[in-house]
Amino acid sequence: MKSPDDLQAWLEPWRRLGEGFLAGGAPGGGVAEANAAFTRFAEGYASLLRPAAGAGAGREWARYTAELRALAERFVTSAFPEWPTGPHAGNEWSRELANWSTVLGGIATDAAERFSASLGRDPPVSLRAAFDRWIDAAEAAYQAAAHSDAFIGAQARLVNAFVKERARQQDLLERGARALGLPTRREIDSLHDALRALRPAPAADAAAAPAAPAAPRAGRKAAPRARTAKPRRPRQ
Amino acid sequence: MTALPDPAAIERELREFQRRLAAGAATLAGLPPVTLATAPRDALYVDGKATLWRYRPSSGTKAGPKLLIVFALVNRPTVLDLQPDRSLIRSLLAAGLDVYLLDWGYPDRGDRHTTLADYTLGYLHRAVLRVSAGEGPINLLGVCQGGTLSLLYASLEPERIARLVTMVTPVDFQTPDNLLSKWAQGVDVARLVETFGNVPGELLNATFLSLMPFRLTLQKYLALIDGADRPRELESFLRMEQWIFDSPDQAGAAFGEFIRWFYQENRLVKGTVSLAGRAVDLGRITMPVLNVYATADHLVPPAASRALGGLVGSRDYREFAFEAGHIGIYVSSRAAAVPAAIAEWLKGR
């Protein structure tokens, strides 16, 4: 791909194919289009992997990352309506979301490389096999990254930034509620805490219980000991 | 360029896919709403949001040894009785056990300050007393996080537990393959709990799905098409989906303690857990112990469960390995082997 527009051109056949499915008719113009879509799909990936792609590829990836970020924001906004997004979100949250998108972009690159290599080694015999191959490649790339310090750190900072931002918004709302003489979340939590304090403490529950008759003991083992029990296989 | 499949084969595949999709839609439209947890049972008592259930014995069987099941806080115990032919509870009943279940219910904001001590030395303790009914120690089966709570309880009240079964139970929370644990390390859980109050079940669900996002959010649903025109398969799938997304919110204080004490500080292994001022010592667990784990568990890796063997004081410690994942151990087509092994072990002691 030489320009950002190529990305759209690359995706277009697949979009039409999907629309064909949704319309319930022949898939996107039939076998010729399916063939063309598959070809462009594979070529697109291959072009992303060319090391000589230079600055053009960099711009493409910047755009791809931005799209990924927008997609992530749309996803989290629909899943968690209270998730802070947009121009009013805090700087720290915005920064961490950008960092997180970069990490995801790295995973996408690795997945594309793995997928491409897999296609080269052993061409899939069906679209479904190609899809499963893509899942395998993407999951392998994700798992490789998910255990890394970079991923773990970026994710933890993202979560912490989100929570800080949400706390900031809650604080603003609480101030507003107090100004209007309305009960606040903190006051209700405080009430719950007071009610809980009226209940007997759990330790007292246990201490007050009647003594149980003696249980059969297996005996206390000598410590330390080597475990000899071997796992048993389930009966088939 | 990569060799392409035969174009005619692609067309056939797409048409077959479309046919299955249409058949699946028709099958779905004709299915009744799915129901879970249908084994006959009676509520012995309600304790706040929690309910203690006693299951009615299978016809022709006499109630045998008492077994109290303690499930995790993070999901619903309905997976233990997903459908009549895939039900750990029904299998235990059929094996002649007198089965009880402590159902934690759905915490709300009033439970925000509920602690692990409340759950363990309060709710669980009262359930144990009720099941025992003064007749002596009972058998305890702790599942997943419920197994961890059961270990805490059994170490503090060992005289009340005759035999302890733990199932896919995390003990060592920091084994190298525990992705969830790695992710938890840098999270400011105190601020999370302070901000959210209770932690939303949806948040936990999204976290679990993100452990294997491509398989669990894409591939699984495409694979559904394979059995979309077979009503029983579709019903089973819907039951699982209903269970997976039926996620209670987590009482804030208990959630904070669980993440900090176990995932971040690995206190169970270090022997530094204290509940309501009472030190937890797994060495006090001297009753017979059966530790059931799944060999392909991505949530509780086998090593996380098997660490128990080196920590309990019991000389009668056994393991049962089942070749499945964290959920397959309850619902796979081979899963009947698990309750059979539990019943055999309980009756043999």
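**Helix contacts, a pocket and a cavity in a two-chain model**

Helix 5 of chain A passes helix 8 of chain B in a left-handed crossing, and I would like to begin there, with the reminder that what we have on the screen is a predicted model. The axes of these two helices, which cover residues 127–146 in chain A and residues 213–223 in chain B, come within 9 Å and cross at roughly 165°. Angles over 145 degrees count as roughly antiparallel, and helix 5 of chain A and helix 8 of chain B are therefore roughly antiparallel to each other.

If you follow the contact itself, helix 5 of chain A contributes Arg128(A), Phe131(A), Asp132(A), Ile135(A), Asp136(A), Ala138(A), Glu139(A) and Tyr142(A), while from helix 8 of chain B come Pro213(B), Phe214(B), Arg215(B), Leu218(B), Gln219(B), Leu222(B) and Ala223(B). Sorted by class, this contact holds nine nonpolar residues, one polar residue and five charged ones.

Let me turn to another pair of helices. Helix 6 of chain A, residues 149–179, and helix 6 of chain B, residues 189–196, have axes that come within 10 Å and cross at roughly 35°, and this crossing, too, is left-handed. On the chain A side we find Phe162(A), Val163(A), Lys164(A), Arg166(A), Ala167(A) and Gln170(A), and these meet Arg191(B), Leu192(B), Thr195(B) and Phe196(B) on the chain B side. Here the residues divide into five nonpolar, two polar and three charged.

Next, the open spaces. The second largest pocket has a volume of about 320 Å³, and of the 18 residues that line this pocket, Arg199(A), Pro200(A), Asp118(B), Tyr123(B) and Arg126(B) lie nearest its centre. Two elements give two or more residues to the lining, namely helix 8 (202–208) of chain A and helix 3 (116–132) of chain B, and helix 3 of chain B gives the most, with five residues. How many of the lining residues are charged? Nine are charged, beside five nonpolar and four polar residues.

Finally, the enclosed spaces: a search of the whole structure finds six cavities of 30 Å³ or more, and the largest cavity holds about 50 Å³ of space. Its lining is made up of Lys49(B), Ala50(B), Trp104(B), Pro107(B), Asp111(B), Thr114(B), Tyr119(B) and Tyr123(B), which by class are five nonpolar, one polar and two charged residues. You may recognise Tyr123(B), which lines this cavity and was also named among the residues nearest the centre of the second largest pocket.

Methods: Residues numbered from 1 in each chain as written. Chains lettered and ligands numbered in written order. Predicted model: local features only at pLDDT ≥ 70, side-chain atom pairs only at ≥ 80, totals over all residues. Heavy atoms only, no water. Axes fitted to C-alpha atoms, helices over the stretch in contact; angles between N-to-C directions. Helix = DSSP H or I, 4+ residues; strand = E, 2+ residues; numbered from the N terminus. Parallel < 35°, antiparallel > 145°, perpendicular 65-115°, else oblique. Left-handed = near helix turned anticlockwise from the far one by under 90°. Contact = heavy atoms within 4.5 Å. Nonpolar A, V, L, I, M, F, W, Y, C, P; charged D, E, K, R; others polar. 1 Å grid on protein atoms, 1.4 Å probe; cavity = no way out; pocket = protein on both sides within 12 Å on 5 of 7 lines; lining within 4 Å. Points joined across faces, edges and corners; volume = space filled by probe spheres on them.
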